[in-house]
Amino acid sequence: MASHSDTLVVFFGATAGANGGKLGSDEREIILLVWQIVDLHEKKVGKLHRCLVKPDSLERTDECKEETGLTVEDILKAEPLDTVLQQFQQSVSSEVKSLGRNSFTLCVDSPLVIRQALHPEASTKNLVLPECFFSFVDLKKDFQKCCPDATPAQQLTPASMLEYVGLPAVSEQSMGETEVSSMVQLTLHLLAEPYNHKFSCVETVKYKFDSGTCSKTEPVDSETVIRARGLPWQSSDQDIARFFKGLSIAKGGVALCLNAQGRRNGEALVRFINSEHRDLALERHKHHMGSRYIEVYKATGEEFLKIAGGTSNEVAQFLSKENQVIIRMRGLPFTATSQEVLSFLGPESPVTDGAEGLLFVKYPDGRPTGDAFVLFSCEEYAQNALKKHKQILGKRYIELFRSTAAEVQQVLNRYMSAPLISTLPPSPIVPVPVMAQPYLPAASSSRDCVRLRGLPYTAGIEDILEFMGEHTVDIKPHGVHMVLNQQGRPSGDAFIQMKSPDKSFMVAQKCHKKTMKDRYVEVFQCSTEEMSIVLMGGTLNRSGLSPPPCKLPCLSPPTAYAFPTPPSMLSEAALYQSPLLAAPRPPQSMTHNPAHALAYYPPQPHMYMNMNMNYTAYYPSPPVSPSTMSYFAAPPGSMAAAVAAQPHPAGSASSVLPQPGALMRMQGLPYNTGVKDILSFFQGYQYAPEEYSGMVQMSHQARSLIQPKEWLCL
């Protein structure tokens, strides 16, 4: 029997778009439901019901028009989905009762109608589905058990299954009735001799997503993991589970990804219970969450564990309480205590188990980061807590956001594995891939380059060479430069160095608006200087050429830095990394005190380093670490002091910092920031006030450079 049910309700649905094996893949609404009852004990069938559904949009595909034969007038006369589902529930319950039976289970020829069509649409329209739609029997899988020599279940259809067992095909007039009648015949045939089949394999649909933890040692099958991209910044794990409504996500199987600054980057890794559900999830590629479409790609178990896995006993104990709502607090005073946080949240939002429901995020040396996670036992308490967003605790306003168990693991892993100054990038003394000078163009006004704009994001070098065709032989060695955005993804632009201006002119004439992968690509002739400026972060458009922010005066790294010898052969990764100019201009004469001299980057590139420095202003979006700074790390004090003690030519400015220390760039300062404000910001650190160098650029972002004597973490 189907679990404890006395009857099966053979169920079929069709949408206004793709049907069959692609049902639900295009987000089209349900427009037709057909069902018929089968008494499992008496082996009798009930009346065949066919009901039309009125969708919100009357648009239908040509395939749907041809298969269903429905007209706009037919659909306009129908009832909306919620009304039809109520009628279905009442009709089936009444008929089952009249047969003297107590319960029923749905029987479908494919889980698509339940998992990919009905549940996603009900979730989008905020409809509450009857309980009967959370369990069903898949006729194909039961048929496969009875006939193991038949074709794979994914390739079976009601007609092919009838043919396999030697039953005549059903000849009905309308779509849906044919499929249901065929399934009813198959059901009765499997119940009879010689099969005597019992429909006991019932699939279920989860009511809600279960949060939980994941250990780094836990095996994760790569065939069960996907990556979702383009998520709204404020989306939670429950929002993502709702997007995949109808599919079963593993416990704690949603991991929101954070970028290097600690804020969500719009991506998440989702782990499903098996590969079948993962494959169904991939069919929701470019489905919508609100007004945004979500991209869905395959991912690996290693990627999931890197984000969601953890080994901290403290985190495991904190997350051991199930069915809790997690809230992240940011911007807490470093001196805040558990009691102060509980008082801030108030009696209307009680924390689970009091102080044990609080988890303060700390650095490895025990210093607080200003972040904390809070557990609430229900959604109501969490909503009350979120109302305190940006209210004041002490002298600071506190930001509150929804969070997930995977995010707790990720944030704790990030801070606990960080150095004492967690925002410091690797020292430039560490060997990095450097592009050799002979492969880089000297800035020139000669228009021997072309710019490709509008490339497909999946385009590689091979695609560009194929696009260039016969002109490929005129490209200089190492002359193809892909342009990446600040997230390290392809921007759709590329620059190509040709052997002469004539060659670049011919390419621009013949390849302009030529097609690459169903997209036309614009090709423009440009100079080496324009190419170099764009590669360093500038812009080139119809309004003209805008230099990159790094062309502004900026302190260069000390010459004490040891850079590796340029390799003779370069990897492809080294060729296309977002470039950072790393060579200071030779010493120049200065008229003011050399001790406070500023060294400038040269106007021409000499080396490109594999370092990702963000030159644009950074405006935080939740959740994000309390401060984000980008700067050059200082060399070891002994090395910098030794180089600083070396004599320099008279009248020249030293590019070495006068004191061993660290140089930082602060982004996002208010325009009216003064020296006192900056020194107050660094209260608690030792610095040399008489040796600071301040610079505020009154543009779209305010910057300040300050030279501390030593970083002492107090």
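User: In this predicted model, what makes E15 and E17 count as paired strands, and in which sense do they pair?

Analyst: Two strands are taken as paired if DSSP finds at least two bridges between them, and E15 and E17 are joined by six bridges in the antiparallel sense, so the criterion is satisfied. One of the residues involved is Arg328, whose bridge partner in E17 is Phe373.

User: Why are E16 and E18 called edge strands of the sheet?

Analyst: The open sheet has five strands in the order E16-E17-E15-E19-E18, with antiparallel pairing. Strand E16 (358–362) and strand E18 (391–393) each have a single partner strand, so one side of each is left without a neighbour in the sheet. From one strand to the next, the twist averages 35 degrees.

User: How do you know that H13 packs on the sheet, and which strands does H13 touch?

Analyst: Contact requires heavy atoms within 4.5 Å, and H13 touches E15, E17 and E19, while its direction makes about 145 degrees with that of E19. The buried residues of H13 are Ala382, Asn384, Ala385 and Leu386, and these pack against helix H12 (338–345) as well as strands E15, E17 and E19.

User: Why is the crossing of H6 and H7 called left-handed?

Analyst: A left-handed crossing has the near helix turned anticlockwise from the far one by less than a right angle; H6 passes H7 in that left-handed manner, and the angle between them is about 35 degrees, with their axes 9 Å apart. By class, the contact of H6 with H7 has six nonpolar, three polar and one charged residues.

Notes:
Residues are numbered from 1 along each chain as its sequence is written. This is a predicted model: local features need pLDDT of at least 70, side-chain atom pairs count only at pLDDT 80 or more; totals for chains, interfaces and linings use all residues. Side-chain values use heavy atoms; hydrogens and water are left out. Buried means under 20% relative accessible area, exposed over 50%, partly exposed in between (1.4 Å probe, protein chains only). Helices (H or I, at least four residues) and strands (E, at least two) are DSSP runs, numbered from the N terminus. Axes are lines fitted to C-alpha atoms, for helices over the stretch in contact, and angles run from 0 to 180 degrees between N-to-C directions. Ala, Val, Leu, Ile, Met, Phe, Trp, Tyr, Cys and Pro count as nonpolar, Asp, Glu, Lys and Arg as charged, and the others, Gly among them, as polar.
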